[in-house]
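Student: Please give me a close look at one part of this model, the lining of the largest cavity, and then set out the strands and loops. State the cut-off behind each term as you go.

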Amino acid sequence: MANFLGALTLCFCSIAMANNEFEAFFSSLETLSADFTQQTYNDANIPISKTSGYLRFERPASFIWQTNSPIEQTLLLHNQELWLVDTELEQASQRAISELKGTPLYWLINRPEQLKNLPKYTHSKLGVNWYQTQQSNQLSFGFRNNSLHALRLTNTLGQNIQVVFSEMILNPNLEKNTFALDLTNDFDIIRSF
């Protein structure tokens, strides 16, 4: 769960301009669609797992973070309900929305003007401008060409997680049932709180 949540973590002419890049991106989007690849590294920076999937998001607070490979898992927020669905285990567990607080998804469901202590520009590397939050999990957002390109964070196990986005579309028209929780009768339902 920590990897998944951790999973469902920049340089212009001046730092002020760079901070505008972060705020402009998160203020302008109403919907978002992207594919992602997530790589987890141990404390010696050796890769230990790789997953891929997609993200769909709609304001004010609906998203689906779908991992397709190597296992199919879904993190879904809709109608103030947060669900973690493991397709292989045929199990769906309802989680407390407060579990999102330290995750990158928290920054999606809140606009910059609603937040204190916005991430600060730290550096640029390989054409990516990096912003770091003041959270204990060392969450950073990487921007390329004024668009979110990557996330980095350290989870509670001390593992470093990097998520790289591709095929990102800002403000696409999403189908009405994109965020529907669709479970067969075979699924076990667990309420964690």
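**Lining of the largest cavity**

Tutor: The residues that line the largest cavity comprise 10 nonpolar, no polar and no charged. Nonpolar here covers Ala, Val, Leu, Ile, Met, Phe, Trp, Tyr, Cys and Pro, charged covers Asp, Glu, Lys and Arg, and the others, Gly among them, are polar. The model is predicted, so local features need pLDDT of at least 70 and side-chain atom pairs count only at pLDDT 80 or more, while totals for chains, interfaces and linings use all residues. Residues are numbered from 1 along each chain as its sequence is written, and side-chain values use heavy atoms, with hydrogens and water left out.

The lining consists of F26, L55, W65, P104, L105, L108, F141, L148, L151 and F165. A cavity is a set of points, on a 1 Å grid over the protein atoms alone, where a 1.4 Å probe fits but cannot get out, and a lining residue has an atom within 4 Å of a point. Two elements, α3 (104-109) and β10 (147-154), give two or more residues to this lining. The greatest contribution is that of α3, with three residues. Helices (H or I, at least four residues) and strands (E, at least two) are DSSP runs numbered from the N terminus. The space in the largest cavity is about 50 Å³, the volume being that filled by probe spheres set on grid points joined across faces, edges and corners.

β10 belongs to an open sheet of 12 strands with mixed pairing, in the order β7-β8-β9-β10-β11-β1-β2-β3-β4-β5-β6-β12. Two strands pair if DSSP finds at least two bridges between them. At the edges stand β7 (120-125) and β12 (188-191), each paired on one side only. On average, neighbouring strands of the sheet are turned by 20° against each other, direction ignored; the axes are lines fitted to C-alpha atoms, and angles run from 0 to 180 degrees between N-to-C directions. Within the sheet, β4 (residues 73-78) and β5 (residues 81-86) are antiparallel partners over six bridges, and L75 has L84 in β5 as its bridge partner.

The loop between β9 (140-144) and β10 holds N145 and also N146. N145 is not a glycine, yet its phi is positive, about 55°. N146, another residue other than glycine, has a positive phi near 65°. N145 is exposed because its relative accessible area is 72%, whereas N146, at 46%, counts as partly exposed. Buried means under 20% relative accessible area, exposed over 50%, and partly exposed in between, with a 1.4 Å probe and protein chains only.

I48 lies in β2 (residues 47-58). I48 is partly exposed, since its relative accessible area is 45%. Apart from neighbours within four places in sequence, I48 contacts T40, Y41, N42 and Q159, where contact means heavy atoms within 4.5 Å. I48 and Q159 are 111 residues apart along the chain, and their C-alpha atoms are separated by 9.3 Å.

Two cis peptide bonds remain to be placed. The bond joining R59 and P60 is cis, with omega about 15°, and P60 sits in the loop between β2 and β3 (62-69). The bond from S69 to P70 is also cis, with omega near 5°; P70 is in the loop between β3 and β4.

How values were computed
On a 1 Å grid over the protein atoms alone, a cavity is a set of points where a 1.4 Å probe fits but cannot get out, and a pocket is an open set with protein on both sides within 12 Å along at least five of seven lines; lining residues have an atom within 4 Å of a point.
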